[in-house]
Amino acid sequence: MRSFTEKSVCILGRQPALGLAELESIYGAEHVRPLDGAALLDVPAEDINFKRLGGTIKTARILTEVPTTDWQNLANYLVEKVPPYVKDMDIGKFTLGLSLYGLNIPLKQIEACLLEIKKQVRQSGRPVRIVPNKAPSLNSAQVLHNKLTYKGAWELLFIKDGQRTLLAQTLFVQDIDAYAARDQARPARDARVGMLPPKLAQIILNLALGQMADGLEDKTKLRLLDPFCGSGVILQEALLAGYSVLGTDIEPKMVDYTKRNLQWLFEKQTNLEGNVVVEVADATSYKWPGFSTVASEVFLGRPLNSLPPPDKLKQIISDANLITKKFLKNLAPQLKPGRSLCLAVPAWRKSNGQLIHLPLIDQLTDMGYNYSDLKYVRREELIYFRENQVVARQLLRLEKQ
Ligand SMILES: C[S@@+](CC[C@H](N)C(=O)[O-])C[C@H]1O[C@@H](n2cnc3c(N)ncnc32)[C@H](O)[C@@H]1O
């Protein structure tokens, strides 16, 4: 068996299954080992293309392992190791934050450990500041706004792994401000078609592409198709990742939205290299010019604030099912065998949390597709929703037969 040496750790987002699926898709199951709410990778943290991950909050470099999970021993370890190390660093002021994962320690004890480190670093003559914990782990905003991934600052992580604890240092943290800017500041937005969060668009894209772009010298040669492009969030994320894009939508207004949004993106971000084609087209019949793969959020049916009466819901499901089914039939002969793709399709949540699925998800084999299942995440877990949402998105990771 191949040995696995963990080099980095990814702390996963609100729906860890999606973040884990994304990492497995990009790096392959043999390079990933899941932990509760996190994933270990045998890929060095600096080689991870962090900005393109939608489901990871932080990526940290593993520094060492400590053969205990006992807090007092761990705290003593930090107090012993950190001050002498910081003393010799070529920096002015030092800032330190500490996050614990899988270790449920009262905040007072975390604070006591940090204060002891602070005292000792200060005694060596270096100004030092600690970031107070509001919870056992710091959130993205705290890491970002305290600049803990910059020179002269550390966020250290203790991650419990069975009988041992890994010590890691955060290199990257999700830039929540950048996500908000490219979500809310886009010129053309339409609440009626639902807002696809950019992070989810990245996950869909990564589940579709997998390792397709590995080793590709010119990424713009890979052309991503979104046949239900709406306001263009998936196309935007594909362009930011360096690919070319082809977007179509049946509604001229949505095509216009996508064009305006991508125009804005190119003005804001002048280093984008991918080509863009956006056209009005019906996904149930159109023959697209060349494309590499498909990542799309298909027609989700009407937005709903509550579950409608059964006959109305039946109609909504039937309409959504029909469009996606016709689209998949139209797409099948245009895809190369073995090609992977990812679609977000609707699923309706009952008040007890149960899901009503699109009927077609059980008929995909007859339509020329197989599920492209992952090792660590079951296909039923690939569901994105917020607590108050009726229409959830189910992610189908497929492969053309
Ligand atoms: C859920 S939205 C996609 C939103 C998109 N992800 C975004 O970033 O805004 C679904 C889109 O499918 C389009 N649509 C519905 N039926 C279609 C069809 N037959 N062919 C192409 N597009 C269609 C709608 O106009 C709508 O823009």
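**Exercise 1. In which sense do strand β1 and strand β4 pair, and over how many bridges?**

Some ground rules before the solution. We're working on a predicted model, where local features need pLDDT of at least 70, side-chain atom pairs count only at pLDDT 80 or more, and totals for chains, interfaces and linings use all residues. Residues are numbered from 1 along each chain as its sequence is written.

*Solution.* Start with the vocabulary: helices (H or I, at least four residues) and strands (E, at least two) are DSSP runs numbered from the N terminus, and two strands pair if DSSP finds at least two bridges between them. Now look at β1 (residues 8-12) and β4 (residues 56-66): they pair in the antiparallel sense over five bridges. To check the register, find I11, which stands opposite K58 in β4, and then S8, which sits opposite R61 in β4. Turn to the other flank: four bridges join β1 to β3, and these two run antiparallel. There S8 stands opposite L41 in β3.

**Exercise 2. Place β1 in its sheet: what is the order of the strands?**

*Solution.* Walk across the open sheet of eight strands and you read β2-β3-β1-β4-β8-β7-β5-β6, with mixed pairing. Next, the edges: β2 (32-35) and β6 (128-130) each have a single partner strand, so one side of each is left without a neighbour in the sheet. From one strand to the next, the twist averages 30°.

Then add the helices. For these, contact is counted when C-beta atoms, placed from the backbone, lie within 7 Å; axes are lines fitted to C-alpha atoms, for helices over the stretch in contact, and angles run from 0 to 180 degrees between N-to-C directions. Helix α1 (residues 16-27) lies across β1, β2, β3 (38-41) and β4, at about 145° to β1. Helix α3 (residues 107-123) lies across β5 (94-101) and β6, running at about 155° to β5.

**Exercise 3. Which residues of β1 point one way, and which the other way?**

*Solution.* S8, C10 and L12 go one way, V9 and I11 the other. That fits the usual rule: in a regular strand the side chains alternate between the two faces of the sheet. As for burial, a residue is buried if 20 or more other C-beta atoms lie within 10 Å of its own, exposed if 12 or fewer, and partly exposed in between, with C-beta atoms placed from the backbone. On that count, five of the five residues of β1 are buried.

**Exercise 4. How many residues of domain 1 are in contact with domain 2?**

*Solution.* First, the bounds, which come from an automatic or database domain assignment: domain 1 is 8-174 and domain 2 is 177-400. Their centres, taken over C-alpha atoms, are 34 Å apart. Across the boundary, 17 residues of domain 1 touch 17 residues of domain 2. On the domain 1 side, α1 gives the most, with eight residues.

**Exercise 5. Why does I203 count as buried?**

*Solution.* Locate I203 in helix α6 (residues 198-209). I203 is buried because 29 other C-beta atoms lie within 10 Å. Now list the contacts, leaving aside neighbours within four places in sequence: L18, E22, G54 and G55. For contrast, try K118, which is 85 residues from I203 in sequence and 39 Å away in space, C-alpha to C-alpha.

Definitions and conventions. Two residues are in contact if their C-beta atoms, placed from the backbone, lie within 7 Å.
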